[in-house]
Amino acid sequence: MAVDRLLIIAADVEQSIRAHGQETYPHECCGALVGKGDIVTTVVALPNTTEEGPRRRFLVRPSDYRQAERRAAEMGVELLGFYHSHPDHPARPSQYDLDHAWPTFAYIIVSVMNGAAGDMTVWYLKDDRSIFEEGSLDHGENSHSHSAQTVHGQTGRG
Amino acid sequence: MAKILIPTPLRPYTDKQDAVDASGATVGELLADLTRRHAGLKPHLYNDQGKLRSFVNVYVNDEDIRYLQKEQTPVTAGDTVSIIPSVAGGVDAVADVGRVRLQSNQKTPPELTNDEIKRYSRHLIMPEVGVEGQRKLKASKVLCIGAGGLGSPAAMYLTAAGVGTLGIVDFDVVDFSNLQRQILHGTPDVGRSKLASAKDRLQALNPNVEIVTHEVAISSENALKLFEPYDVIVDGTDNFPTRYLVNDACVLTGKPNAYGSIFRFEGQASVFATKDGPCYRCLYPEPPPPGLVPSCAEGGVLGVLPGIIGVIQATETIKLILGAGEPLIGRFLIFDALRMKFRELKLRKDPDCPVCGTHPTVTALIDYEQFCGVRPAAAEATPLNTATEITSVELKQRLDRGDRLKIVDVREPNEYQINRIPGSELIPLGDVPKRVNELNPDDEIVVHCKSGVRSAKAADFLRSVGFKRVLNLKGGILDWVDKVDPSQPKY
C-alpha cells in the first residue's frame, strides 16, 4: 500500500483507550470506535467476554456488537472499528487477531507494559485476509485536526 | 426471499446497503445466494474449507442458528436474517512470554549465599534477572542431551550462569576429532569418558552447580524417566532418531526443548514443545530418507558453529527460566556462518501434528531407529553380500595377488587429501553420472567412501547403467585404515 490509511483520533479519546487498558491490566480490554469517515469521535468500552483467559484474549459478544452498531446509528455516526489492549506484548497484531479480523474496520491496539499504556497502533485487514496493513494514527489535539503528518515515530516502529 | 441484515464491515461488499435480499429455503442456501450476488463477502464469511468462520454469527430473527438447526435452519418469507460479528483478538499464544510453566516454578526458590551474590553480580544488577531471577536459575534443573559440540558451550554457559542442577546424558569417549569444537574437553581428556571430562570442567567453572551425569544411551525405554526431574531439555543430538525421540519425550513430559542443530557452516535453533508452541514434528513430520542428510562426521562442521548455536540454546534456556524476553517459540532461527546472516522462519503449531496436535496418534515413545529408517549398527550386523560387497582385508589380499581391480573413491577432494587407498581414482559421488564414461563397464570396480554409505549409492548407480562387476568396500576407508593400513590418519 503506497499511502497509509489515516485514522484521526482526538487526544481525549486516545486517552480513554489508554486508561481502559491500564484499568483492566493484566487483562485485555476492548471497545468500539465510533465516528465518521476517518475520524474517531467516541469510544465505547465493552466487556471482555472471552472464556479463553482474558490475559491474552478478548471477545465482544454479538449482542454487544449489535448494541454498539445500533447506538452508533442512533447517534448518526458509524462504527469504525474496535480497540483492544495487548498486556505485556507489543502493539502489533497477532496471528489470532488476523484470523479473527473483519474487513474495513480499524483495529487499534494499545500495548500495556507492566500496567502502563505505551505504544498505540492502528491496523486494517487486507481485502484478501492475508495480512494486516498498518495505518497511521493522527493523535490530533482535537477531533477536527486534519494534519496529514503521520506519526510512526510514536508507534514504536521508527 | 428473505432480508439479510449486513453489518458495517461488510457493507462495502453490498454496495453500502445495510440490508439485502436473497433467496433460499435454509440459512445455508440463503447465504450461498448472498455470496453469489456479492462475491466479495465470501472469504470473510467462509473459511478455506467452506465452513462459516467461527466469528461469524447468523441469527434468524433473534435466534442464533447454532441453537437452531445451524445452516439447515429453515427460512420463510418475512424472516429477518442477521449477520453479526463477534469481534475477537488477543496476543499470540506462541509469543506468550514468560508463561512457560516450569517444574521448578512451583516451589519457592532458594536464597543466594554471599558467595553467589558476588559471583552473579553482573546478573543481579540487571532488572531482567535481579535476585529474583538468579534464585529462579538456582532452583532450575536443565538436562543437556550430549556433551559434544552443542552440549559443550551450552553446559558451560548454563553452569557459569548458575542453574541449580545440570544433567548431562552421554556415553561416548573423548576422541581427538572432537577437540576442534567440543570445548568441554581438552587434549589430556582424549580416551576418557566425556561425562567424567565434562564434570571436571564444569565443577571447576562453578562448584555451586550440581552436575548430574547420566552415562546411558538415551532410548525410548529411559527417556521419560530421565527427563522427569528437569525443567528444560537442551537437545544437542547429532542424529535424527535421537532428535525425534527427544522431541516426543519433551512433548509427552511437557518440558520445553531448547533445540539446536549444526551442519558445515549452517546452524538452526528454536524452542519446541512448549504448551502452546510448535514441536519439531510440526516442522518436520517425517524424517528425511536415511543417508540423504549427511551427519557432521560425513559432511564436516565448522568448529566455531556449535559454539554459536549452543550458546543460543543456553540463552533460550535461561530466558525460559527467567520468564524474560521473547523466546524462540514459534520461530525457527537459521544461521549462516559464511554469509554471517541470521534468518527467522515463522513456525506454527500444527493442529494435525501426530504428537502435539489436537488428536495425537503418538502417545508413547516409539522405535525411532525404525521410524527414521535407520538400521542400528548395520555395518556389523549384516552379513557380507559377496556379490556386491568386499571387505578391506579381502581387497588387500586381491590387490596383493595382482588382481586387476579399478578402485574408485567417491568422497570429496578434501577427504581424499587426508587418506586414500593406493591406486584409487577420485570421482566424487555427485560427479559419478557425468564421468561414468571414464570407467570401463567390463572392469571389475571397487567403490569406496568414508564408511560405505555414499559408495553404496555409487555402486547402485553403476549397476543401473550396465556395469556388471561393482563391489562396495564395506566400512569404507575407515575400515581400511583400521585393518589394513593403520599408518594413515583417520578423520
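1. Let's start with strand β5 of chain B, residues 80–85. In this predicted model, the strand is mostly covered, with five of its six residues buried. What sits beside β5(B)? Strand β1 of chain B (residues 2–5) is joined to β5(B) by three bridges, and the two run parallel. To find the spot by eye, look for Ile4(B), which stands opposite Val81(B). Strand β3 of chain B (residues 56–60) is joined to β5(B) as well, here through five bridges and in an antiparallel way. A handy pair to look up there is Asn57(B), whose bridge partner in β5(B) is Ile84(B). If the two words are new to you: strands of a sheet pair through backbone hydrogen bonds, and they can do so parallel or antiparallel.

2. Further along chain B, have a look at the open sheet made of five strands. Their order is β15-β19-β18-β16-β17, and the pairing is parallel. Which strands stand at the edges? They are β15 (389–390) and β17 (425–426); each has a single partner strand, so one side of each lacks a neighbour in the sheet. For β15(B), two parallel bridges lead to β19 of chain B, residues 469–473. Ile390(B) is the residue to click on here, as it stands opposite Leu473(B) in β19(B).

3. Stay in this part of chain B and move on to helix α19, residues 476–483. Which of its residues are buried? Gly476(B), Ile477(B), Asp479(B), Trp480(B) and Val481(B) are the ones. Their cover includes the helix α15 (392–401) and the strands β18 (444–448) and β19 of chain B. So you have met β18 and β19 already, as members of the open sheet.

4. Now a quick portrait of chain A. The chain has three helices and nine strands, and from the N terminus on they follow the pattern β-α-β-β-β-α-β-α-β-β-β-β. Of the 158 residues in chain A, 53% are buried. Take the contacts in chain A between residues at least 6 apart in sequence: 60% of these join residues at least 24 apart.

5. How do the two chains meet? On the chain A side 33 residues are in contact with 35 residues of chain B. About 3,100 Å² is buried between the two, and carbon and sulfur atoms give 55% of that area. Across this interface there are also 12 residue pairs in polar contact. Four elements of chain A each supply at least two residues of the side that touches chain B: β4 (58–60), α2 (62–74), β5 (78–87) and α3 (95–99). Sorted by type, the residues on that side of chain A come to 14 nonpolar, seven polar and 12 charged.

6. Strand pairing crosses between the chains too. Three bridges join β4(A) to strand β6 of chain B (residues 87–89), and the two run antiparallel. Leu59(A) stands opposite Ala88(B) there.

7. Then there are the salt bridges. In general, side chains of opposite charge can pair when their charged atoms come close. The structure holds 35 salt bridges over all chains, and five are counted between chain A and chain B. One that you can find easily links Arg66(A) with Asp62(B), with the closest N and O atoms 2.8 Å apart. This pair runs from helix α2 of chain A to the loop between β3 and β4 (63–64) of chain B. Buried or exposed? Arg66(A) is buried at a relative accessible area of 18%, whereas Asp62(B) is exposed at 59%.

8. A second pair to check is Arg348(B) with Asp99(A), at 3.6 Å between the closest N and O atoms. Arg348(B) lies in the loop between β14 (341–346) and α13 (368–371) of chain B and Asp99(A) in helix α3 of chain A, so this pair joins two chains. Arg348(B) counts as partly exposed, at 49% relative accessibility, and Asp99(A) counts as partly exposed at 32%.

9. Finally, two cases within chain B. Glu316(B) and Lys319(B) form a salt bridge, their closest N and O atoms being 2.8 Å apart. Both lie in helix α12 (residues 305–322), three residues apart, about one turn of the helix. An α-helix has 3.6 residues a turn, so residues three or four places apart point the same way. Both Glu316(B) and Lys319(B) are buried. Elsewhere, a network of salt bridges links Arg398(B), Arg401(B), Asp403(B), Glu444(B) and Arg469(B).

Definitions and conventions. Residues are numbered from 1 along each chain as its sequence is written. Chains are lettered from A and ligands numbered from 1 in the order in which they are written. This is a predicted model: local features need pLDDT of at least 70, side-chain atom pairs count only at pLDDT 80 or more; totals for chains, interfaces and linings use all residues. Side-chain values use heavy atoms; hydrogens and water are left out. Buried means under 20% relative accessible area, exposed over 50%, partly exposed in between (1.4 Å probe, protein chains only). Two strands pair if DSSP finds at least two bridges between them. Contact means heavy atoms within 4.5 Å. Buried area is the accessible area (1.4 Å probe) that two parts lose on being put together, summed over both. A salt bridge is a side-chain nitrogen of Lys or Arg within 4 Å of a carboxyl oxygen of Asp or Glu. A polar contact is a pair of N or O atoms within 3.5 Å; within protein, one must be able to donate a hydrogen and the other to accept it, and residues adjacent in sequence count only if both atoms are side-chain atoms. Ala, Val, Leu, Ile, Met, Phe, Trp, Tyr, Cys and Pro count as nonpolar, Asp, Glu, Lys and Arg as charged, and the others, Gly among them, as polar.
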